[in-house]
Amino acid sequence: MTDDETATGAGRGSALGARDLAMLAFERAWWRRGGQKEEAIREEFGISAARYYQLLGALIETPAALREDPMLVKRLQRLRDARTVRRADLLRRHSS
C-alpha cells in the first residue's frame with residue numbers, strides 16, 4: 001500500500017486514517033483560521049495545495065468519508081461538480 005492509499009483510506013476497507021479525518025476537520029473549519037487557504041494547507045499538512053486537492057477529491061468519493069460527515073462531503077461534492085460544469089462551459093464558449 002502506498003502513502004497515497006493510506007492517506008485516502010484505500011486498501012483498508014472502510015476505515016478513515018488520521019490524515020483523512022484531519023482533512024475533513026480542516027475543510028469544516030479552515031475559514032476560521034484566516035489568511036490564505038493554500039498557506040494553511042501547507043502549514044497543516046506539509047503538502048502543496050494541488051496535492052491536497054487531489055487527495056481531498058479521492059477522499060470525498062469514499063463511502064467512509066460520506067459516513068463520517070455526510071453534510072460536509074455532499075457540500076464538497078456539489079462545489080466540485082459546480083466547478084466542473086463552469087470549466088466545461090468556459091471551454092465550450094472558447095472553442096466555438
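# Exercises on a six-helix chain

The structure holds five salt bridges. The model is a predicted one, and the exercises below work through its helices, its core and some of its charged pairs.

## Exercise 1: The overall fold

Describe the secondary structure of the chain and state how much of the chain is buried.

Solution.
- Step 1. Count the elements: the chain has six helices and zero strands.
- Step 2. Read them in order: from the N terminus the elements run α-α-α-α-α-α.
- Step 3. Turn to burial: the chain has 96 residues, and 30% of them count as buried.
- Step 4. Look at the surface: the accessible surface is about 6,400 Å², and carbon and sulfur atoms account for 56% of that area.
- Step 5. Consider contacts between residues at least 6 apart in sequence: 43% of these join residues at least 24 apart.

## Exercise 2: The nonpolar core

How many residues does the largest nonpolar core have, and which of them have the most contacts inside it?

Solution.
- Step 1. Take the size: the largest nonpolar core has 19 residues.
- Step 2. Name the residues with the most contacts inside this core: Met23, Leu24, Ile41, Phe45, Tyr52, Leu56 and Leu59.
- Step 3. Assign the core to elements: α2, α3, α4 (49-59), α5 and α6 each give two or more residues to it.
- Step 4. Find the main contributor: α4 supplies the largest share, five residues.

## Exercise 3: A buried charged pair

Which residue forms a salt bridge with Glu27, and is the pair buried or exposed?

Solution.
- Step 1. Find the partner: Glu27 forms a salt bridge with Lys37, with 3.0 Å between the closest N and O atoms.
- Step 2. Place both residues: Glu27 belongs to helix α2 (residues 18-29) and Lys37 to helix α3 (residues 37-45), so the salt bridge ties together parts that are ten residues apart in sequence.
- Step 3. Check burial: Glu27 and Lys37 are both buried.

## Exercise 4: From Arg28 to distant parts of the chain

Which residues does Arg28 touch, leaving aside those up to four places away in sequence?

Solution.
- Step 1. Locate the residue: Arg28 is in helix α2.
- Step 2. List the contacts: with residues up to four places away in sequence left out, Arg28 touches Asp69 and Leu72.
- Step 3. Take Asp69: Arg28 and Asp69 form a salt bridge, and their closest N and O atoms are 2.6 Å apart. This pair links distant parts of the chain, since Asp69 sits in the loop between α5 (63-68) and α6 (70-95), 41 residues from Arg28.
- Step 4. Classify both partners: buried means under 20% relative accessible area, exposed means over 50%, and partly exposed lies in between. Arg28 has a relative accessibility of 35%, so Arg28 counts as partly exposed. Asp69 has 14%, so Asp69 counts as buried.
- Step 5. Take Leu72: this residue lies in helix α6. The C-alpha atoms of Arg28 and Leu72 are 7.0 Å apart, although 44 residues separate the two along the chain.
- Step 6. Classify Leu72: its relative accessibility is 4%, so Leu72 counts as buried.
- Step 7. Look from the other side: not counting residues up to four places away in sequence, Leu72 touches Leu24, Glu27 and Arg28.

## Exercise 5: Helix α6

Compare the span of α6 with the span expected at 1.5 Å a residue, then name its buried residues.

Solution.
- Step 1. Take the span: α6 has 26 residues and reaches 37 Å from its first C-alpha to its last.
- Step 2. Compare: this is close to the expected 38 Å.
- Step 3. Name the buried residues of α6: Leu72, Val73, Leu76 and Gln77.
- Step 4. Name what covers them: the cover includes α2, α4 and α5.
- Step 5. Add a salt bridge within the helix: Arg92 and Asp89 meet through their side chains at 2.4 Å, N to O. Both residues lie in α6, three residues apart, about one turn of the helix.
- Step 6. Classify Asp89: its relative accessibility is 26%, so Asp89 counts as partly exposed.
- Step 7. Complete the charged groups: salt bridges with shared partners join Glu61, Arg80 and Asp81 into one network.

## Exercise 6: Asp20

Is Asp20 buried or exposed, and which backbone nitrogen lies 2.9 Å from a polar atom of its side chain?

Solution.
- Step 1. Locate the residue: Asp20 is in helix α2.
- Step 2. Classify: its relative accessible area is 0%, so Asp20 is buried.
- Step 3. Find the partner: the backbone nitrogen belongs to Gly17.

Notes. Residues are numbered from 1 along each chain as its sequence is written. This is a predicted model: local features need pLDDT of at least 70, side-chain atom pairs count only at pLDDT 80 or more; totals for chains, interfaces and linings use all residues. Side-chain values use heavy atoms; hydrogens and water are left out. Helices (H or I, at least four residues) and strands (E, at least two) are DSSP runs, numbered from the N terminus. Buried means under 20% relative accessible area, exposed over 50%, partly exposed in between (1.4 Å probe, protein chains only). Contact means heavy atoms within 4.5 Å. Accessible areas come from the Shrake-Rupley method with a 1.4 Å probe; for residues, only the protein chains shown count as cover. A salt bridge is a side-chain nitrogen of Lys or Arg within 4 Å of a carboxyl oxygen of Asp or Glu. A nonpolar core is a set of buried Ala, Val, Leu, Ile, Met, Phe, Trp, Tyr and Cys residues joined through side-chain atoms within 4.5 Å. The expected span of a helix is 1.5 Å times one less than its number of residues.
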